[in-house]
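Biologist: I'm new to this one, so could you take me on a close look at a single part, the place where the ligand sits? Please go through it as one connected story.

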Amino acid sequence: MKSKEFPNIVYIVVITAIAALGGFLFGYDFGVINGTVKALELEFNSNAVGTGFNVASIVLGCIPGALYAGYFADKFGRRAVMFSACFFFALSAWGSGIASGSVEFVIYRIIGGIGVGAASAICPAYICEIAPAKIRGALASAQQMAIVLGIFFAFLVNYLIANFAGDPSGIFAFGFKAWQWMFWAEIAPTVAFFLGLFFIPESPRFLAALGRDEDAKNILSKIYFNADEEVVAIKKSLGGVRPSVKDIFKENSFMPHGIIIVGVLLAISQQFTGMNIIMNYGEVLWGAIGFDKNSALLQNVITGVVNVLSTIVAILLIDKIGRKVLLLAGSFLMCLSLGAMGFIFSKGHLENSTLILPEGLGVTAFIIAMVFVFAFAATWGPVLWVLLGEMFPNSMRASGIALSAAAVWAANFAVVMTFPSMLENMGLAQTYFLYAIFPMLSFIFVKFYVKETKNLELENMKED
Ligand code: BGC
């Protein structure tokens, strides 16, 4: 289909949707564990530490996953990395369901993490490389939409399977238990991703770097009216050399280019908002402020819906008002909401390690938590992945996003692992006051060090 601005907008949207399935699997893999925790505890006889590890181990795979994706994407192409991620997703889904002990289970989860890490790095980069500059923000935000939908669908599928079987440990079908099917269910979207990959082209920017100019031009002619000029611009930006990991360092030094440091700091800032405390410990958090266990599911559903709807706000705004304004607004609102939560928590007192809040404040705390989720999902959630996909020059895009995505996962691990002991040693109020400081820092960082990329062609991205 032709439009005035783009030669074939349907083509662009379809390939974006297929690549974003990688984000869906990233979200699904994270969400699926939620409904299986208790059943795994029973099955493997694990203690609290073992359970924590069953949940968190996936992240240990994400870090090497992101790094290998960057390296292989410049050697074998973006599609090859996405194909390989399918293999890791499928092996992990199947293996997690057949695991007979914690160690075996953790190994399969780490394998899944490699897929998640790879998809988290390469899918946004690929989408940015096939997107026209004018709508690149909205298209790359599809990745975040897919992540939150993946989390949501995992919750939903888990819920339906558990309901049918009566319990996550009950028999669901063919003599296998519900929790096993929860993991196996992920094989369906993995197959969809795998088949979809046959229909999408290689990134034209990768092809141009290989010297396959005609192939690059054929693909670009469906995205731009002036495909010839685009190929010339890409080649010029690469200066006739193929991208390699070395490009992230300044000449003859181990000092990375400024833009790489900005990418890594953006990644850490996104995680230090504490969003994954709510994503991982929602149940503990709502329990700690006095909600009963049965309403945990409802709270999960509300969080999921707020997450999805707020992402739409970002998609609508990102190419109009730009990335920086969104990040600044997000930091501001998150700082306020985290501070407000800390203030409310400071009004409570502890009884048997449950925080008892004065009448009505529990609900207020939950509403403010949802304001926080909105602030994250409409800003830092999608904008980080959009920026990482587009802000690096062609020569260092794959390595830059790989390194930054690895930083996302390392910071994620630090936040998720330290929360239980912060809760125990500092209490909920102090923990939240501490987390309110990080958005202040990220506000200053974004204001002075992050450059706006709205409407810029990838060929115009700078090294510093
Ligand atoms: C973040 C994840 C988070 C997810 C869902 C992503 O942008 O990188 O850490 O769990 O959004 O909100």
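Modeller: Sure. A quick definition to begin with: helices here are DSSP runs of H or I with at least four residues, numbered from the N terminus. And keep in mind that this is a predicted model.

With that in hand, let's see who supplies the surroundings. Four helices each give at least two residues to the shell around the ligand: α7 (136-165), α13 (258-271), α14 (275-288) and α17 (361-390). The top contributor is α17, with three residues.

Now for the residues themselves. Around the ligand you'll find Q144, I151, Q270, Q271, M275, N276, N307, F376, G381, W385 and N412. Sort that shell by character and you get seven polar residues, four nonpolar ones and no charged ones.

Some of those polar side chains deserve a closer look. In N276, a side-chain N or O atom is 2.6 Å from an oxygen atom of the ligand. Q144 has a polar side-chain atom 2.7 Å from a ligand oxygen. For Q270, the distance between a side-chain N or O atom and an oxygen atom of the ligand is 2.9 Å.

How much of the ligand does the protein cover? On its own, the ligand has 310 Å² of accessible area, and the protein covers 96% of that.

So, to recap the picture: the ligand has a shell with polar and nonpolar residues but no charged ones, helix α17 gives the most to that shell, and side chains including that of N276 put an N or O atom 2.6 Å from a ligand oxygen.

Terms used:
Residues numbered from 1 in each chain as written. Predicted model: local features only at pLDDT ≥ 70, side-chain atom pairs only at ≥ 80, totals over all residues. Heavy atoms only, no water. Near = heavy atom within 4 Å. Polar contact = N/O pair within 3.5 Å; in protein donor to acceptor, adjacent residues only side chain to side chain. Areas by Shrake-Rupley, 256 points an atom, 1.4 Å probe, with all protein chains shown as cover. Nonpolar A, V, L, I, M, F, W, Y, C, P; charged D, E, K, R; others polar.
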